[in-house]
Amino acid sequence: MAAVVPFAPDARFTLLRAPAAEDDFARDVRIGLTAERKWLPPRWFYDALGSSLFDTICFLPEYYVMRAEAEVLTSFRKEIVASFGPQARLVELGSGAARKTRILLDEMEDVEYVPVDIDEEMLQRSARDLLRDYADLRVTAIRSDFARPSVPLALLKGARASSPRCPRRTVVLFLGSTIGNLDPDQATAMLRDLRSALAPGDALLLGADLRKDRAVLEPAYDDALGVTAAFNLNLLGRINRELGGHFDLAAFRHRAFYDETLGRIEMHLVSTSAQQIRVDALDLEVPFVAGESIHTESSYKHNAETLASLANASGFSIEKTWIDARRWFADVLLIAS
């Protein structure tokens with residue numbers, strides 16, 4: 001299937017744009033930094049520098065997540081693709097460069113691929129590369145936030161109504177461990193929203209990082225080279241660049257630890273001294289005592305029980321689970337009930 005063909009966006013590429021969601025960095029910074037326990041949403045990690053740093057993290061020796069999932073997809077690719085059925089429509093939430101998706105596309109024919117990402121430039125670039133490498137692929141890209149997946153799926157349904165094609169089973173890919181960035185209530189709400197846009201029998205292939213020893217987990221979020229620390233600290237740099245913040249990044253340190261009771265990694269930025277930080281665009285003074293932290297990310301780790309509970313609470317049933325040899329990562333096929 002990997003015959004090289006010229007890029008022909010007029011024939012095999014469509015770009016749809018969902019209405020822009022309200023993304024208010026300033027609002028979230030004000031709310032988070034004035035809370036009793038300071039916090040910032042992890043979605044704001046990903047400016048241009050943050051995205052570049054995260055790409056580097058994915059290839060660090062300590063960060064096993066990408067390699068573990070690639071192992072799952074490679075080892076079981078024929079079985080996974082067979083479970084999709086013929087002529088599936090693959091909708092990928094947070095598609096990025098679609099590196100791991102290629103493992104599945106290599107085994108498929110007559111595919112309609114629907115990447116969903118907020119970065120239109122990335123959608124264009126990855127579509128160009130995919131259409132060059134896969135002769136019978138069609139790409140319908142959707143620029144959209146995937147926090148409410150019913151929004152891009154409704155847009156796709158509307159486009160299909162005006163240009164009908166043969167019926168296809170929708171298979172949603174939510175790879176990586178992004179589901180872990182949502183607390184249990186948020187994860188359930190997101191999957192319920194997704195289920196509302198699917199037909200019975202449609203499927204979701206969900207990537208989930210599994211619970212394991214802290215000796216493996218903590219270095220994955222606090223690597224020896226300090227790339228994850230730079231990724232975390234860049235959030236303060238972004239406030240400086242975009243909101244006129246006066247954070248001295250050297251006056252904060254990165255901290256990551258595993259909370260076994262909650263089953264999650266937490267990332268924090270810890271103030272090394274008592275200080276007061278001004279954010280000009282917000283006309284805000286933010287006080288810190290020594291040792292006070294900003295909670296920037298939680299990454300929940302799952303097991304069979306938490307995955308079953310998540311599926312049941314959101315209108316899915318688990319059909320099959322594939323796990324890597326070290327039992328560190330799972331890709332789970334859920335069927336819309």
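Me: Where in the chain is aspartate 47 placed?
Reply: Keep in mind that we're looking at a predicted model here. Aspartate 47 doesn't need a long hunt: its place is in the loop between helix 2 and helix 3.

Me: Is aspartate 47 buried or exposed?
Reply: Buried means under 20% relative accessible area. Aspartate 47 comes in below that cut-off, so the loop residue counts as buried, with a relative accessible area of 12%.

Me: Which side chain makes a polar contact with the side chain of aspartate 47?
Reply: Leave aside the neighbours within four places in sequence, and aspartate 47 is in contact with Asn234, Arg238 and Arg241. The polar contact on record here runs side chain to side chain at 3.0 Å, and the partner is asparagine 234.

Me: Arginine 238 lies over the face of which residue?
Reply: Arg238 already turned up among the contacts of aspartate 47. Arginine 238 also lies over a ring face, 4.7 Å from the ring centre, and that ring belongs to phenylalanine 25.

Me: How many aromatic pairs does a search of the whole structure find?
Reply: One of them is the pair of phenylalanine 45 and phenylalanine 231, with 4.5 Å centre to centre. Searching the whole structure gives a total of 13.

Me: What kind of pair do phenylalanine 45 and phenylalanine 231 form?
Reply: Planes under 30 degrees apart count as stacked, over 60 as edge-to-face and the rest as tilted. Here the planes are 35° apart, so the pair falls in the remaining class: tilted.

Me: How many residues apart in sequence are the parts that phenylalanine 45 and phenylalanine 231 tie together?
Reply: Phenylalanine 45 lies in the loop between helix 2 (25–33) and helix 3 (48–57), while phenylalanine 231 lies in helix 11 (residues 227–243). Both rings are tucked away: phenylalanine 45 is buried at 1% relative accessibility, and phenylalanine 231 is buried at 3%. Because one sits in that loop and the other in helix 11, the pair ties together parts whose separation in sequence is 186 residues.

Me: What angle lies between the planes of phenylalanine 252 and phenylalanine 288?
Reply: These two are 5.2 Å apart, centre to centre, and the pair is edge-to-face. Phenylalanine 252 is in strand 7 (residues 252–259) and phenylalanine 288 in strand 10 (residues 284–288), so the pair links parts 36 residues apart in sequence. Phenylalanine 252 is buried at 4% and phenylalanine 288 is buried at 3%. As for the planes, the angle is 80°.

Me: Which residue has its charged end over the ring of phenylalanine 288?
Reply: Phenylalanine 288 pairs with phenylalanine 252. The charged end over its ring sits 4.9 Å from the centre, and it belongs to lysine 38.

Me: Which side chain makes a polar contact with the side chain of threonine 101?
Reply: Threonine 101 lies in helix 6 (residues 101–105) and is buried, with a relative accessible area of 1%. Sequence neighbours within four places aside, its contacts are Glu92, Tyr113, Leu173 and Leu175. The polar contact is 2.5 Å, and its other end is glutamate 92.

Me: How far apart in space are leucine 198 and isoleucine 335, C-alpha to C-alpha?
Reply: Leucine 198 has its place in the loop between helix 9 (184–196) and strand 6 (203–209), and it is buried at 8%. Isoleucine 335 is 137 residues away in sequence. In space, C-alpha to C-alpha, the two are separated by 9.8 Å.

Terms used: Residues numbered from 1 in each chain as written. Predicted model: local features only at pLDDT ≥ 70, side-chain atom pairs only at ≥ 80, totals over all residues. Heavy atoms only, no water. Phe/Tyr/Trp six-rings, centres within 6.5 Å; stacked < 30°, edge-to-face > 60°. Helix = DSSP H or I, 4+ residues; strand = E, 2+ residues; numbered from the N terminus. Buried < 20%, exposed > 50% of the residue type's maximum accessible area, 1.4 Å probe, protein only. Lys NZ or Arg CZ within 6 Å of the ring centre and 35° of its normal. Polar contact = N/O pair within 3.5 Å; in protein donor to acceptor, adjacent residues only side chain to side chain. Contact = heavy atoms within 4.5 Å.
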